[in-house]
Amino acid sequence: MTSVTDDLPLAADFPKATVEDWRKLVDGVLKGAPFEKLVGKTYDGLKIEPLYPRAKGVAPVVGRPQAAPWQIIQRVDHPDAAAANAQALTDLENGATGLALVFAGGSGAHGFGLEPSADAVAKVLKDIYLDAGIGLELEIGPQSRMAAIHVAEYVKSAGLDPAACDIRFGLDPLAALAAWGHSPYSWEEIVPAVSGAIKGLAGLGFKGPFVSADGRVIHDAGGSEVQELAFVLTCGVAYLRAIEDAGIPLEAAQGMVYARLSADADQFLTMAKFRALRLLWARIETACGLTPKPLFIAADTAWRMLTQRDPYVNMLRATIATFAAGLAGANAITVLPHTLALGLPDPFARRVARNTQLLLLEESNLAKVSDPAAGAGGIETLTAQLCDAAWALFQESEKAGGAFATLQRGVFQSKVAAARKAREANIAKRRDVLTGASEFPNLQENEATVLRATPVALPPYGEQKYKFDPLPPIRLAEPFEALRDKSDAALKARGARPKVFLANLGTPADFTARATFAKSFFEAGGIEAVDSEGFADLAKLAAAFKASGAELACLCSSDKVYAEHAEAAAKALQTAGGRHIYLAGRPGEAEAALRAAGVTGFIFAGGDALATLQDAYHRMEQP
């Protein structure tokens, strides 16, 4: 009887594939183009090769206990504490295993959040059994810092054992100050307040962790993976030092700090980032003379990737992000509801956010495998590259004097600004695609439903004594959404959107590809495309354009047809009243002649779509 462990030579009859054979095939497809064309780059300049061998001699990165699921965290951010309590109970009854109490003024509040009062805390936690194994995470800022004390007081007043409650208190002034760009206090003044709160909570019997090193502020501001990791390390070390200075042994302080990271739709980079953080933190623990223990990492699906337009695509983005963070060992994951960029999510959006995680855990069984990326050449290489680059930036921060001093000197801000500028340029050119916003828009989409609620207003937090460049959150789709808003305003005011007439020349085989491109291009800016049949008769073309009522026209056809008819077609459109005529495709050597014939712009893959669309609105606004 054959052993089940025997090798099965299924490929024995086929020649062994080699990298050299693959390169020959690739070179044939490239047709003389350099191989480097296939090498990608991250916003940190890290190279991503098209093919990697299996990584040998590597071990899985230790994260969650083996086969243990991550905590399914659900945001609780309704400004009405009673309504928030009802939402929380529904979430816990339907699969959530933890709650994130998001207080107004917190780094991840995004315009809403609970009131940081004792009364609001008592109302939102009513009938929730905190000692029954659920996770509780607090998202607070300097303005809402007393919420942590109120939660602790509520636990004691309810007669619960603090040690039996799984509460991450989320103290983190550095993240809030980084986003604001100012502070009323120096770091030397902040440290006693933070360490004092930690000592007080620990003295009451809470096991923590108490303070978070939050990389989301970097990610939300458009920063890179290396910058996010380095910021977490910098803040984490600053908090460790603060705890140690308060007289708490490092062995105890080790479990008092946890991390927060953003997970986005770049699956491999997200996985590599989470794995890298564990390795980097273990390196810090070793340098402190500690035996490394797995760092608790909480993940949020990324704010910056959310779109207001076609928000249902956000469900897919969140699924990929959750998949990546879960496989990379995140201990807790919060899925931002797909309508959060529009307002306060309704029950449907909250249910989808919850079920995204339940599907991946209960039906896809992702938690059954520990670090499946171990040994995968591409992800192992990315992990190592991120570790090296993030450690170098962390060292730069340490030399600058640590977290607060680094913010004062603008070390992180300047690097984030450069990454954001490069990212925004690629968004504008649609090299980085935002489906439903910058590409494949739907001008007939129905408006998503959100709840109406009045946000909690908090007083300003002290005077702006220490000022530095802020790191405010952004969403990458905002520039395109601003154009869609203009289109909606025109529709409301005039009963019609701005229009572009697709002046198709020749047969469908000639114009279909470029007409399809042009439709998506202009409608990404809210300019409705009016399609047409292919024209050979220029008089009919001019008449159809005039009848369309469009302010803009775009010639669409093949290069061959352009060479024969584009100039005449442009003149015919101009005679029919076309002041703003575009051509789909690169003009090449014919640009001067086409412009002389009346073509005012060219649209093509890799061009600055955002600038072209903004200019189109400017042209249409001219008398």
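**Exercise 1. Using this predicted model, find which residue stands opposite Cys556 of strand E17, and then work out what surrounds that strand.**

*Step 1.* Begin with the residue pair itself: in the predicted model, Asn504 is the residue that stands opposite Cys556 in E17. The strands involved are E15, which covers residues 499-504, and E17, and they pair in the parallel sense over 5 bridges.

*Step 2.* Next, look for a further partner of E17, and you will find strand E18 (residues 580-584), which pairs with E17 in the parallel sense over 4 bridges. Within this pairing, Leu555 stands opposite Leu583 in E18. To pass from E17 to E18, the chain goes through helix H19 (residues 559-575), and the β-α-β crossover made in this way is right-handed.

*Step 3.* Finally, ask how far E17 is covered, remembering that a residue counts as buried when its relative accessible area is under 20%. Strand E17 (residues 552-556) has 5 of its 5 residues buried. In a regular strand, side chains alternate between the two faces of the sheet. For E17, Leu552, Cys554 and Cys556 lie on one side, while Ala553 and Leu555 lie on the other, and both faces are covered.

**Exercise 2. Describe the largest pocket: which residues are closest to its centre, and which helix gives the most to its lining?**

*Step 1.* Start with the volume, since the largest pocket holds about 670 Å³ of space. Its lining is made of 29 residues, of which Asp264, Ala265, Asp266, Arg423 and Asp432 are the closest to the centre.

*Step 2.* Then assign the lining to helices: H10 (267-287), H11 (313-327), H13 (377-399) and H15 (411-428) each supply at least two residues, and H11 gives the most, with 4 residues.

*Step 3.* Sort the lining by character, which yields 17 nonpolar, 4 polar and 8 charged residues.

**Exercise 3. How many cavities of 30 Å³ or more are there, and what lines each of them?**

*Step 1.* The count comes to 2 cavities. The largest cavity has a volume of about 80 Å³, and among its 14 lining residues Ala318, Val335, Leu336, Pro337 and His338 are the closest to its centre.

*Step 2.* Helix H12 (347-363) and H11 each give two or more residues to this lining, with H12 giving the most, namely 4 residues. The lining of the largest cavity divides into 10 nonpolar, 4 polar and no charged residues.

*Step 3.* The second largest cavity has a volume of about 60 Å³, and its lining includes Arg75, Arg216, Asp220 and Asp300. This lining divides into 2 nonpolar, 5 polar and 4 charged residues.

Methods
Residues numbered from 1 in each chain as written. Predicted model: local features only at pLDDT ≥ 70, side-chain atom pairs only at ≥ 80, totals over all residues. Heavy atoms only, no water. 1 Å grid on protein atoms, 1.4 Å probe; cavity = no way out; pocket = protein on both sides within 12 Å on 5 of 7 lines; lining within 4 Å. Points joined across faces, edges and corners; volume = space filled by probe spheres on them. Nonpolar A, V, L, I, M, F, W, Y, C, P; charged D, E, K, R; others polar. Buried < 20%, exposed > 50% of the residue type's maximum accessible area, 1.4 Å probe, protein only. Pairing = 2+ DSSP bridges. Right-handed = clockwise from strand over helix to strand, strands pointing away.
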